[in-house]
Amino acid sequence: MATTKIDNRTRWNTLHKNGPFPLKKFLTTELEKPTSGLSDFEKYKDVAIEIRKLIQQAANKNECFRAIGSKWSMSNIAHCQDRMHYNVFMNLKFNIFEGEIHQNSAYKHSNLFWFQCGNQIKEISRYLEQRGKSLKTTGASNGQTIAGCISTGVHGSTFDVGSVQDYVVGLNIITGPNSNDNVYIERKSKPALRDDYFQKLDARIIRDDDIFNAALVGLGSMGFIHGIVIETEDLFLLHRYVKKVPKTEALKLADTLDFSNYDPKIPNFDYTGVRPFHYKIFMNPYNKNESKYAVEFIYKMPYYEDYKADFGNPIPFQKQFIYLDLIYLFIKIAEKLPKIIPTLIKALKTSILPMEEKTTVGKLSEIFWDAGFQGKAFACSFGVDHKNSSKTLELLAKLTREHPVPGIFAMRFVKKSKATLAFSKFPFTCMVEIDGIQWSDKDKLISLKNYSTKMIEVLKNNNIPFTIHWGKNANWEFPGLVKHMFGIKVKKWKKSRNSLLSIPMQDVFTNNFLNSTKLSGPLPLEDNLIA
Amino acid sequence: MRFINIVVCFCLMVALSSCYSVRFQVEQGQWEPADTEREDAYSGYNVYTLDTIVTRKITTGAHYFNISKCPSQALHTVEYRSTFGGVLLNAITFGRKKKVKIKYVCIKENSM
């Protein structure tokens with residue numbers, strides 16, 4: 001049998017130390033050892049029974065139960081005060097074979113893989129690469145679990161691909177303690193696996209587009225995501241280059257995403273008119289005199305074995321790069337500035353983002369590689385239609401100059417997601433984000449809660465429709481926030497939650513984050529009848 | 001007095017130069033994670049520490065010892081720390097005793 005270690009605790013914290021938060025019990029489930037003689041299928045079934053048992057125990061005590069992975073989220077989305085379940089050791093991996101594909105499936109079996117919830121992006125990439133495959137996109141780094149990624153909408157800046165949840169084709173979710181609470185969900189319009197595949201795992205099959213789309217970005221509240229079927233693609237290479245681009249040029253590209261006549265002028269390569277795989281702008285809000293922005297261009301290239309002979313090993317280069325994730329860039333800049341936060345902010349007014357004109361070529365997993373712990377960090381990230389990206393950046397940068405905080409901005413671009421509560425809801429969503437280091441009251445700056453409230457107010461006052469990244473810092477208690485962001489989709493999401501979870505189970509899978517955002521609680525009966 | 005100063009400076013130089021650490025890490029392996037509250041480079045990693053003195057015996061042969069506490073039986077990171085005390089111990093025992101201070105992180109089980 002799978003074993004669960006239960007530790008009594010008083011508190012828990014995120015990786016970036018955005019808490020601490022109170023906690024009673026911390027649960028860690030480990031798979032049966034290889035010496036058990038069980039097949040991976042049997043281990044998977046075995047651990048599903050264990051999770052059902054743990055859900056029952058939480059329900060018996062009227063306590064909440066929440067799965068967590070790598071705890072990279074900075075909001076309290078992953079936290080619940082009673083029982084938190086650490087699932088990173090649940091990392092079985094399965095290939096999908098030809099005979100296991102649904103007869104009406106459009107998917108190639110060799111592109112489908114099924115991963116248990118605790119698989120981290122880095123190990124998934126390695127597993128896939130050994131089979132000539134790659135994830136379609138990841139976040140800026142690789143430490144998150146696959147279940148954590150999709151539950152919170154982790155994204156990169158691949159504006160023709162989307163977010164991590166957008167290549168998910170099936171979900172195995174445990175919605176309660178009973179045997180029929182083990183469900184496998186996929187789109188009715190795009191089935192992937194044969195019925196008997198999940199019958200082997202004692203899972204009940206639900207083919208429903210609405211329920212699937214709602215469960216994709218489920219905020220950890222649609223039950224316990226046990227397994228995820230994803231679609232991958234053949235290995236590819238990425239060519240990364242960061243250069244300074246005149247502000248007007250960089251922002252015009254952001255507002256239009258039209259690269260048809262654009263020449264990025266990358267040495268030894270001609271990318272004129274080529275649409276990049278990834279486009280990202282970095283910006284120091286405090287230096288108004290900087291005439292250029294640092295822009296990261298990444299282009300897709302066909303994979304070939306000996307690319308390292310031509311371009312070198314990308315990993316040592318990654319360690320030298322400054323423009324990795326945004327918080328890393330800020331720390332690198334701040335290293336050379338005074339340590340006292342108000343003085344640091346003053347120094348940023350004359351700081352110019354550094355040059356970094358180096359070519360790197362590598363696989364997706366090598367370009368978006370490890371991000372070490374950068375200290376206590378904060379991040380606020382707003383999604384807007386890319387046509388509003390330059391206006392949004394200008395407004396939020398102005399706000400930040402009026403109410404300074406120790407951070408800098410970036411803009412990333414993501415294709416629209418089909419997930420009901422995906423913050424990448426616009427045709428092309430521009431995620432305008434500010435990352436930085438945490439500050440304290442003694443620094444005499446605006447509080448993070450007030451700062452993020454003002455960000456919401458600025459966008460509302462300027463009639464810019466927006467969303468907020470679920471895993472980032474925000475005033476999630478802002479009145480009517482989620483309804484403002486998602487409108488009718490909130491009811492659709494709740495309706496799907498109603499159909500997946502019984503009322504007692506909705507309580508088990510509810511936390512303070514869900515209460516703050518008013519997404520908890522069952523949908524009134526009349527609303528349950530909406531189409 | 002001048003001689004004493006020179007000796008003190010020399011000792012300080014030796015002491016300081018013998019205190020360092022070196023970290024080796026594989027590029028593509030998945031580290032074994034842990035939910036801890038540490039705030040250093042190992043935040044999120046399950047770190048094992050080995051602080052011991054290895055005594056060379058006639059039967060030992062080559063200087064190695066086994067790492068048995070690693071569920072995957074594969075290493076992700078090894079950080080070796082050299083201290084002045086360790087160098088001194090090695091010197092005064094003519095290499096018979098070695099102070100070993102390492103931190104290591106294993107590869108996550110089932111991740112390869």
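**Exercise 1. Get a feel for the two chains.**

In chain A, 74% of the contacts with a separation of 6 or more come from residues 24 or more positions apart. (Two residues are in contact if their C-beta atoms, placed from the backbone, lie within 7 Å.) Work out how chain A is built overall, then look at chain B.

*Solution.* Before we start: this is a predicted model, in which local features need pLDDT of at least 70, side-chain atom pairs count only at pLDDT 80 or more, and totals for chains, interfaces and linings use all residues. Residues are numbered from 1 along each chain as its sequence is written, while chains are lettered from A and ligands numbered from 1 in the order in which they are written.

Step 1: list the elements. Chain A has 17 helices and 22 strands; helices (H or I, at least four residues) and strands (E, at least two) are DSSP runs, numbered from the N terminus. The radius of gyration of chain A is 23 Å, close to the 24 Å from the globule rule for 531 residues, so chain A is as compact as a globular protein of that length. (That radius is taken over C-alpha atoms, and the rule is 2.2 Å times the number of residues to the power 0.38.)

Step 2: check the extent and the burial. The C-alpha trace of chain A spans about 65 × 55 × 45 Å along its principal axes. Of its 531 residues, 51% count as buried. A residue is buried if 20 or more other C-beta atoms lie within 10 Å of its own, exposed if 12 or fewer, and partly exposed in between, with C-beta atoms placed from the backbone.

Step 3: turn to chain B. Its 2 helices and 4 strands run α-β-β-β-α-β from the N terminus on. Of the 112 residues of chain B, 13% count as buried.

**Exercise 2. Trace the 8-stranded sheet in chain A.**

What is the order of its strands, and which strands stand at the edges?

*Solution.* Step 1: read off the order. The open sheet goes S18-S15-S17-S16-S20-S21-S19-S22 (chain A), with antiparallel pairing. Strands pair if DSSP finds at least two bridges between them.

Step 2: find the edges. S18 (360–363) and S22 of chain A each have a single partner strand, so one side of each is left without a neighbour in the sheet. On average, neighbouring strands of this sheet are turned by 25° against each other, direction ignored. (Axes are lines fitted to C-alpha atoms, for helices over the stretch in contact, and angles run from 0 to 180 degrees between N-to-C directions.)

Step 3: zoom in on one pair. S16 (residues 278–283) and S17 (residues 292–302) of chain A run antiparallel and are joined by 5 bridges, with Tyr279(A) opposite Phe297(A) in S17(A).

Step 4: add the helices. H12(A) packs on the sheet, touching S16, S19, S20 (407–415) and S21 (428–437) of chain A, and makes about 20° with the direction of S21(A). H13(A) lies across S19 and S22 of chain A, at about 10° to S19(A).

**Exercise 3. Find the buried side of H13(A).**

Which residues of H13(A) are buried?

*Solution.* Step 1: name them. They are Tyr451(A), Ser452(A), Met455(A) and Leu459(A). These residues cover an arc of only 95° around the axis, which puts them on the same side of H13(A). (The arc is that of the directions from the helix axis to the C-beta atoms.) An α-helix has 3.6 residues a turn, so residues three or four places apart point the same way.

Step 2: look at what surrounds the helix. The cover over its buried residues includes S19 (377–385), H12 (389–402) and S22 (466–468) of chain A. The face turned away from that buried side carries the exposed residues Asn450(A) and Asn461(A).

**Exercise 4. Look at strand S10(A).**

Is S10(A) largely enclosed or left open by the rest of the structure?

*Solution.* Step 1: 7 of the 7 residues of S10(A) (residues 168–174) are buried, so the strand is largely enclosed.

Step 2: S10(A) pairs antiparallel with S13(A) (residues 224–231) over 6 bridges, and Val168(A) has Ile230(A) as its bridge partner there. Another 5 bridges join S10(A) to S11(A) (residues 182–186), also antiparallel, where Ile174(A) stands opposite Asn182(A).
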